[in-house]
Amino acid sequence: MSKREYFRRYLVFIISLAIAAFGVVTIIKANMGNAPASGLTYVLTHIMPSISLGVFTVIYNTVLIIAQILLLRKDYQLIQLLQLPMSFFLGGVTDLAMKVLEFLRPEIYLARVVVLLIGCCLLAFGASLQVRANVLMNSGEALVNAIASKTGSDFGTVKVVFDCCLVMLTVVLSLIFLRRIEGVREGTVISAVLIGSIAKIIIPRLDRLERWMKMKDE
């Protein structure tokens with residue numbers, strides 16, 4: 001792979017993180033429950049409101065990176081340490097998105113559904129770009145992949161279990177510290193189902209992007 005192709009792939013990956021961050025925040029603004037991966041960090045901002053969602057995003061991803069290293073040990077690929085600076089970027093864009101989308105406060109249920117669907121599409125598009133970039137995995141997917149490889153389990157199965165554990169942890173922390181369930185509603189189920197389904201539609205349609213990343217300058 002040429003340096004130019006590396007540059008283009010990492011550029012696409014960075015753009016994908018920004019799009020995904022805006023997708024996460026859009027889903028939050030729908031106020032119908034968060035995607036499984038962001039529910040935990042969202043609840044933590046309610047438990048400790050002095051810490052922003054972006055900061056908790058960085059902390060969460062850092063913990064997942066450490067878990068990967070402890071699990072894989074000598075099999076851990078050092079290139080995956082780039083997940084750390086990418087996590088800081090993701091956290092920064094997440095806080096930016098919270099400010100940019102501060103005006104977005106739909107009150108009518110139908111409007112909330114529309115905002116939720118827009119968020120799911122953004123998150124799915126960001127995930128699709130990450131798949132096509134094919135340079136790094138986000139820390140959550142990377143940990144799921146590490147668990148799957150170490151246990152010999154199917155990636156999809158581990159992913160479902162991992163997401164369910166995140167949702168359960170979110171519910172437990174909500175009940176313990178907030179005395180109510182926060183961030184887990186019908187939107188959590190909808191986003192869990194839709195994001196992957198939408199991504200499956202988008203990914204095959206990004207062939208032109210793939211050709212651009214591989215294109216050699218004449």
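Tutor: Let's start with a definition: a helix here is a DSSP run (H or I) of at least four residues, and helices are numbered from the N terminus. Please keep in mind that this model is predicted.

Student: Thanks! What makes Tyr6 and Tyr10 neighbours in helix terms?

Tutor: Each lies in helix α1, which covers residues 3-30, and they are 4 residues apart, about one turn of the helix.

Student: How many aromatic pairs does the structure hold?

Tutor: There is 1 aromatic pair. Tyr6 and Tyr10 form that pair, with ring centres 6.5 Å apart and 25° between the planes.

Student: Why is the pair of Tyr6 and Tyr10 called stacked?

Tutor: Two cut-offs decide: centres must lie within 6.5 Å, and planes under 30 degrees apart count as stacked. With 6.5 Å centre to centre and 25° between the planes, Tyr6 and Tyr10 form a stacked pair.

Student: And are these tyrosines buried or partly exposed?

Tutor: The boundary for buried is under 20% relative accessible area, and partly exposed runs from there up to 50%. Tyr10, at 17%, therefore counts as buried, whereas Tyr6, at 41%, is partly exposed.

Student: What makes you say that the charged end of Arg8 sits over the ring of Trp212?

Tutor: The distance test asks for CZ of Arg within 6 Å of the ring centre, and an angle test of within 35 degrees of the ring normal goes with it. The charged end of Arg8 is 5.0 Å from the centre of the Trp212 ring and is listed as sitting over that ring.

Student: Trp212 turns up in a surface patch too. Which residues make that nonpolar patch?

Tutor: Phe7, Leu11, Ile15, Trp212 and Met215 make it, over about 480 Å². Helix α1 gives the largest share, 3 residues.

Student: What makes Ile15 eligible for the patch?

Tutor: Patch members need over 30% relative accessible area and no salt bridge. Ile15 has 41%, so the area condition is met, and this value also makes Ile15 partly exposed. Ile15 lies in helix α1.

Student: How many disulfides does a search of the whole structure find?

Tutor: The search finds 0 disulfides.

Student: Why is Cys121 not counted as bonded to Cys120?

Tutor: A disulfide needs sulfur atoms within 2.5 Å. The Cys120 sulfur is the closest cysteine sulfur to that of Cys121, but the two are 7.0 Å apart, too far for a bond. Cys165 is likewise in no disulfide, with the nearest cysteine sulfur, that of Cys164, 7.1 Å away. Cys121 is partly exposed at 38%, and Cys165 is partly exposed at 39%.

Student: On to charges. Why is the contact of Glu141 and Lys159 called a salt bridge?

Tutor: A salt bridge requires a side-chain nitrogen of Lys or Arg within 4 Å of a carboxyl oxygen of Asp or Glu. The N to O distance for Glu141 and Lys159 is 2.9 Å, which meets that limit. Glu141 is in helix α6 (residues 139-151) and Lys159 in helix α7 (residues 155-178), so the bridge ties together parts 18 residues apart in sequence. At 22%, Glu141 is partly exposed, and Lys159, at 21%, is partly exposed too.

Student: How do you know that Arg132 and Glu210 form a salt bridge?

Tutor: Their closest N and O atoms are 3.6 Å apart, and the limit is 4 Å. Arg132 belongs to helix α5 (residues 109-133) and Glu210 to helix α9 (residues 207-214), so this pair ties together parts 78 residues apart in sequence. Arg132 and Glu210 are both buried.

Student: What makes Lys214 another partner of Glu210?

Tutor: The closest N and O atoms of Lys214 and Glu210 are 3.7 Å apart, which falls within the 4 Å limit. In helix α9 the two are 4 residues apart, about one helical turn. Lys214 is partly exposed at 49%, while Glu210 counts as buried at 13%. Salt bridges with shared partners join Glu5, Arg9, Arg132, Asp207, Glu210 and Lys214 into one network.

Student: Last one: why is Ala142 called buried?

Tutor: Its relative accessibility is 7%, and buried means under 20%, so Ala142 counts as buried. Ala142 is in helix α6, and its C-alpha is 8.6 Å from that of Gln80, 62 residues away along the chain.

Terms used:
Residues are numbered from 1 along each chain as its sequence is written. This is a predicted model: local features need pLDDT of at least 70, side-chain atom pairs count only at pLDDT 80 or more; totals for chains, interfaces and linings use all residues. Side-chain values use heavy atoms; hydrogens and water are left out. Rings of Phe, Tyr and Trp (its six-membered ring) pair if their centres lie within 6.5 Å; planes under 30 degrees apart count as stacked, over 60 as edge-to-face and the rest as tilted. Buried means under 20% relative accessible area, exposed over 50%, partly exposed in between (1.4 Å probe, protein chains only). Patches are made of residues with over 30% relative accessible area and no salt bridge: like charges are joined within 9 Å, nonpolar side chains (Val, Leu, Ile, Met, Phe, Trp, Tyr) within 5 Å. Accessible areas come from the Shrake-Rupley method with a 1.4 Å probe; for residues, only the protein chains shown count as cover.
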